[in-house]
Amino acid sequence: KIARQSPKHRHVNIELCVSRKPGYYLWNIVFILFAISGLVFLAFVGPFDNTSDRVSIALTLILTSVAFKFTVNEALPRLNYQTLLDKYML
């Protein structure tokens, strides 16, 4: 009979360095949302007499950003906390 003096449970520590390339999110989400938000300033470029046109542009861009948020939300993973991208999109 051979008696082993080893511990019951062995521990193995593994360290992984994981990183995500943000290029996809920057170009396909952040840049497009920035462009949609930047177009709101077009509402202030026109003459002040065309109030209905300016309001129409602003509301259309708000609806566009909401629809974009719903579309992007399907592609992002569901997390219990808000990421920097979620905070930007709010």
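In which helix is the place of Leu59? In this predicted model, Leu59 is found in helix H2, which covers residues 51-75. With a relative accessibility of 48%, Leu59 counts as partly exposed, because that value falls between the limits of 20% and 50% that separate buried from exposed residues. Leu59 also takes part in a nonpolar surface patch of about 470 Å², to which Val55, Ile62, Val66 and Phe70 contribute as well.

The secondary structure of the chain consists of 3 helices and 0 strands, and the pattern read along the sequence is α-α-α. Of the 90 residues of the chain, 13% count as buried, while the accessible surface comes to about 8,600 Å², with 63% of that area belonging to carbon and sulfur atoms. Among the contacts in the chain with a separation of 6 or more, 61% are accounted for by residues 24 or more positions apart.

The largest nonpolar core comprises 9 residues in all, namely Ile29, Leu33, Ile36, Leu61, Phe68, Val72, Leu76, Leu85 and Met89. Two or more residues of this core are given by each of helix H1 (23-38), H2 and helix H3 (84-89). Phe68, one of the core residues, is in contact with Asn28, Ile29, Ile32, Leu33 and Ile36 when its neighbours within four places in sequence are left aside. Of these contact partners, Ile29, Leu33 and Ile36 are listed with Phe68 in the core itself.

Leu61, a further member of the core, lies in helix H2 and is buried, because its relative accessible area of 13% is under the 20% limit. When residues up to four places away in sequence are not counted, Leu61 touches Ile36, Leu39 and Val40. For Leu61 and Val40, which are 21 residues apart along the chain, the separation of the C-alpha atoms is 6.7 Å.

Lys69 likewise has its place in helix H2, but this residue counts as partly exposed, since its relative accessibility is 26% and the range for that class begins where buried ends, at 20%. The C-alpha atom of Lys69 is separated by 9.1 Å from that of Ile29, although the two residues are 40 residues apart along the chain.

The count of aromatic pairs comes to 2. In one of them, Tyr24 and Tyr25 are arranged edge-to-face, with a distance of 5.3 Å centre to centre and an angle of 80° between the planes. Tyr25 has a relative accessibility of 22% and therefore counts as partly exposed, given that buried residues are those under 20%.

Note on methods: Residues are numbered from 1 along each chain as its sequence is written. This is a predicted model: local features need pLDDT of at least 70, side-chain atom pairs count only at pLDDT 80 or more; totals for chains, interfaces and linings use all residues. Side-chain values use heavy atoms; hydrogens and water are left out. Patches are made of residues with over 30% relative accessible area and no salt bridge: like charges are joined within 9 Å, nonpolar side chains (Val, Leu, Ile, Met, Phe, Trp, Tyr) within 5 Å. Accessible areas come from the Shrake-Rupley method with a 1.4 Å probe; for residues, only the protein chains shown count as cover. A salt bridge is a side-chain nitrogen of Lys or Arg within 4 Å of a carboxyl oxygen of Asp or Glu. Helices (H or I, at least four residues) and strands (E, at least two) are DSSP runs, numbered from the N terminus. Buried means under 20% relative accessible area, exposed over 50%, partly exposed in between (1.4 Å probe, protein chains only). A nonpolar core is a set of buried Ala, Val, Leu, Ile, Met, Phe, Trp, Tyr and Cys residues joined through side-chain atoms within 4.5 Å. Contact means heavy atoms within 4.5 Å. Rings of Phe, Tyr and Trp (its six-membered ring) pair if their centres lie within 6.5 Å; planes under 30 degrees apart count as stacked, over 60 as edge-to-face and the rest as tilted.
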